Amino acid sequence: MPTHQDIMQRLARVCETSDSKVIHKVYEQLKQQHYRGILPAKFIQQCEAETGLSKVQISLEILPLAACYSLAPVSNFYVGAVAIGKSGNFYLGANQEFAHEAMAQTVHAEQSAIAHALMAGETAINDMVVNYTPCGHCRQFMNELNSAKELKIHLPHSQNNPLHSYLPDAFGPKDLNIEKVLFDPQQHNCSGQGDDVIQAAIKTANKAYAPYSQAISGVALLLENGEIVCGQYVENAAFNPSMQPLQIALNNRCLSGLSNIAISRVVLAEKQAILSHRKITEALAEQHLGLTVEYIAL
Ligand SMILES: [Zn+2]
């Protein structure tokens, strides 16, 4: 399984073999922030001023750095993405694959960047920048965003493309009468007993986006250094591109530069509904982490 050391080595190699000023500057910034893959709006403004490049040009140039966060034991195909938030922050993302697990557990790079932004509290995504053309699954996933109508896709070979030019005659949340969509604030009111890690899982579940099943759920991972990393459930009008809470939590841990710190507990908090993430979460936790899931029924 690729490790944090692999990610650091890949980033260093990209930097060594590149004469791009932007790559060098972003690499130094990532090192300074312990490889946390969020580039603050202020830092991006400095990059724009120093290089004369636009936000989109900067994001395209740093895609090889984003792709370093890829975990691709199945495909060995490294996809990097940058989601540009309404705040001006850049959120890196990369495909996350899990060996010995079902294909359905795979996180695509665009999903990775979007889930990363969502967990960081971003309110909308303006631009998606990615090193390969988005697959059908990701086009559908992005159609769930509150910014889907205005979202621009930028690829190395083609920029400023509206999402809907890739997804004509789209099916989406509006067809199912959902008005409050992904990245719009969600607040459920579940509560339960338990320590800080359990409370973190419940708090995360209370922000879940589950308008189709109401199966709100959230995962909290306790790391051995005491940090807690969370992931919420994100649903999709087409159902299958939905993301499970443990996928989002593991993605968040990787993009936060914390994949070298072992996980000691996995807590899943879930409202009792027509769907359950219990079995799929247990399967990934047991296979990938060797841990038993603590289940909190809400
Ligand atoms: Zn995809």
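How many bridges join strand 7 (residues 217–223) to strand 8, and do the two run parallel or antiparallel? Five bridges join them, and the strands run antiparallel. Bear in mind that this is a predicted model. Below is a quick tour of its two sheets, the helices around them, a zinc site and a few residues worth a look.

**The four-strand sheet**

- Strands 7 and 8 belong to an open sheet of four strands, ordered 8-7-9-10, with mixed pairing.
- Strand 8 (228–232) and strand 10 (293–297) sit at the edges with a single partner strand each, so one side of each has no neighbour in the sheet.
- From one strand to the next, the twist averages 20°.
- If you want a landmark for the pairing of strands 7 and 8, G218 has Q232 in strand 8 as its bridge partner.
- Helix 10 (residues 245–255) packs on this sheet and touches strand 7, strand 8 and strand 9 (263–270). The direction of helix 10 makes about 135° with that of strand 8.
- Helix 11 (residues 278–289) packs on the sheet too, touching strand 7, strand 9 and strand 10. The direction of helix 11 makes about 175° with that of strand 9.

**The six-strand sheet**

- Another open sheet has six strands in the order 1-3-2-4-5-6, again with mixed pairing.
- Here the edges are strand 1 (38–39) and strand 6 (158–162); each has a single partner strand, so one side of each is left without a neighbour in the sheet.
- Strand 2 (residues 80–85) and strand 4 run antiparallel, joined by five bridges. In that pairing, A83 has M128 of strand 4 as its bridge partner.
- Strand 4 also pairs with strand 5 (residues 152–155), this time in the parallel sense over three bridges. D127 stands opposite K152 in strand 5.
- Strand 5 pairs with strand 6 in the antiparallel sense, over three bridges. K152 turns up here as well, with P162 in strand 6 as its bridge partner.
- Strand 4 (residues 125–130) is largely enclosed by the rest of the structure, because five of its six residues are buried.

**Helices to look at**

- Helix 1 (residues 4–16) and helix 2 (residues 21–32) have axes that come within 9 Å and cross at roughly 155°. That angle makes helix 1 roughly antiparallel to helix 2.
- The crossing of helix 1 past helix 2 is left-handed.
- At the contact, L11, A12, V14 and C15 of helix 1 meet I23, H24, Y27 and L30 of helix 2.
- Helix 9 (residues 196–205) is mostly covered, with seven of its 10 residues buried. They are V197, I198, A200, A201, I202, T204 and A205.
- What do the buried residues of helix 9 pack against? Their partners are helix 6 (109–119) and strands 7, 8, 9 and 10.

**The zinc site**

- H108 (ND1), C135 (SG) and C138 (SG) coordinate the zinc ion, at 2.2 to 2.3 Å.
- Along the chain, the donors follow the spacing H-x26-C-x2-C.
- The two cysteines sit in contrasting surroundings: C135 counts as partly exposed because its relative accessibility is 30%, while C138, at 1%, counts as buried.

**Loop and backbone notes**

- A67 lies in the loop between helix 5 (63–66) and strand 2, and its 8% relative accessibility makes it count as buried.
- Leaving aside neighbours within four places in sequence, A67 is in contact with R10, Y78, V79, G80 and N131.
- A67 and R253 are 186 residues apart in sequence, and their C-alpha atoms are 16 Å apart in space.
- Most residues other than glycine have a negative phi. N160, which is not a glycine, has a positive phi of about 60°; N160 is found in strand 6.
- Q214 is another non-glycine residue with a positive phi, near 60°. Q214 lies in the loop between helix 9 and strand 7, and counts as partly exposed because its relative accessibility is 41%.

How values were computed. Residues are numbered from 1 along each chain as its sequence is written. This is a predicted model: local features need pLDDT of at least 70, side-chain atom pairs count only at pLDDT 80 or more; totals for chains, interfaces and linings use all residues. Side-chain values use heavy atoms; hydrogens and water are left out. Donors are N, O and S atoms within 2.8 Å of the metal (3.2 Å for Na, K and Ca); water is not among the atoms, so sites may look incomplete. Buried means under 20% relative accessible area, exposed over 50%, partly exposed in between (1.4 Å probe, protein chains only). Two strands pair if DSSP finds at least two bridges between them. Axes are lines fitted to C-alpha atoms, for helices over the stretch in contact, and angles run from 0 to 180 degrees between N-to-C directions. Contact means heavy atoms within 4.5 Å. Angles under 35 degrees count as roughly parallel, over 145 as roughly antiparallel, 65 to 115 as roughly perpendicular and the rest as oblique. A crossing is left-handed if the near helix is turned anticlockwise from the far one by less than a right angle, and right-handed if clockwise.
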